[in-house]
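I am opening my notebook on this structure and will write down, entry by entry, what I look up in it. My topics are the pockets, one glycine and the nonpolar cores.

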Amino acid sequence: MKLGYLGPKGTFTEQAAYTYAESCGEETEYIMFSNITDVIASVNDGLIDEGVVPLENSIEGTVTSTMDTLIFDTSLYIKNELILKISQNLMARKGTKIEDIIKVISHPQGLAQCRKYIKGIGVGETVAVSSTAEAAHIVSESAEPVAAIAPKRSAEVYGLDLLGEDIQDDHTNATRFVIITRKETELKAGMKTSLAFTLDDDNSPGRLYKVLDILNIYEINMIKIESRPAKHKLGTYVFYIDLVAENEEDLKDAVKMLKRKVAFFKFLGSYTSIG
């Protein structure tokens, strides 16, 4: 299996990719990409078999590049999800003292997840880069007293000293990764199911309520709803929902009825969680 993920070495996505591959028990060739959209596009184009991408963080919310690309730009499906506890760490070149650090480098979410810590060590300048591991790479080659916020593995990969461990502001911090594939998954009860849809152009009150009431009628539990710009007209939105149903016949009937009530519908997969 060719499995793609966001590189370079040492990212949380790499950790998620290794965890997923171990659960599959298949011989795996790992392919690194420089951004999330390239991972997704490579699965869509058949260059790799599957991809591991972050979809949601418990602190910072949805990874919009993942959600938008899956909804608008591909014909892919979610095969599994994996929840990974996020432990952020401060690291710098060997011999660097924490009081000498002039700036902190990390992925935007890494910086956001450690705002209080960064303020607490008195560093005023932060720099956002494409990944936490890339931040560690930059720090390893810098002659300045700079630090990265990244996973512990990044310190091992790039030969850095750990100056602070588990520094995220919220220690319940976790990221939801999804494994994406070209192979269509079946609509099934007893699993998490993800859907996307847009409403029609009728501006009558309660349009969204009438659509979502279908789930209530069939006693289907909606566990997440989020809106994203539909990208073709200001003020129009696509709704992403996660739901769980116990009865498969009810689920299929509800989805069939929902399709009739919306202008655009996309089934993104029924899947289980790993770990």
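**Entry 1: the second largest pocket**

I began with the second largest pocket of this predicted model, and I found that 18 residues line it, with Phe12, Thr13, Pro54, His107 and Gln109 lying nearest its centre. I then looked up which elements give two or more residues to this lining, and they are helix H1 (12-24), strand E3 (50-57), helix H4 (108-113) and strand E11 (174-181). H4 provides the largest share of the lining, namely three residues. When I sorted the lining residues by character, I noted seven nonpolar and eleven polar ones, and no charged residue. The space in this second largest pocket comes to about 280 Å³.

**Entry 2: the largest pocket**

I turned next to the largest pocket, which holds about 330 Å³ of space. It is lined by 16 residues, and I wrote down Leu199, Asp200, Asp201, Thr236 and Tyr237 as the closest to its centre. How do the residues of its lining divide into nonpolar, polar and charged? I noted seven nonpolar, five polar and four charged residues in the lining of the largest pocket.

**Entry 3: Gly61**

I looked up Gly61, which is found in strand E4, a strand of residues 61-62. Is Gly61 buried, partly exposed or exposed? Its relative accessibility is 22%, and because buried means under 20% and exposed means over 50%, I entered Gly61 as partly exposed. Leaving aside residues up to four places away in sequence, I found that Gly61 touches Glu56 and Gln109; Gln109 is also one of the residues nearest the centre of the second largest pocket. I also checked the separation between Gly61 and Val127, which are 66 residues apart along the chain, and their C-alpha atoms are separated by 21 Å.

**Entry 4: the nonpolar cores**

I finished with the largest nonpolar core, which has 22 residues, and those with the most contacts inside it are Ile40, Val53, Ile71, Ile180 and Tyr240. At least two residues of this core come from each of helix H2 (36-44), E3, helix H3 (64-73), E11, strand E14 (237-244) and strand E15 (264-274). H2 supplies the largest share of this core, four residues. I followed Ile40 further and found that, not counting residues up to four places away in sequence, Ile40 touches Val53, Thr66, Thr69, Leu70, Thr74, Leu76 and Ile180. Apart from this core I noted another one, of 20 residues, and among them are Leu215, Ile220, Phe239 and Phe267.

Definitions and conventions
Residues numbered from 1 in each chain as written. Predicted model: local features only at pLDDT ≥ 70, side-chain atom pairs only at ≥ 80, totals over all residues. Heavy atoms only, no water. 1 Å grid on protein atoms, 1.4 Å probe; cavity = no way out; pocket = protein on both sides within 12 Å on 5 of 7 lines; lining within 4 Å. Points joined across faces, edges and corners; volume = space filled by probe spheres on them. Nonpolar A, V, L, I, M, F, W, Y, C, P; charged D, E, K, R; others polar. Buried < 20%, exposed > 50% of the residue type's maximum accessible area, 1.4 Å probe, protein only. Contact = heavy atoms within 4.5 Å. Core = buried A, V, L, I, M, F, W, Y, C linked by side-chain atoms within 4.5 Å.
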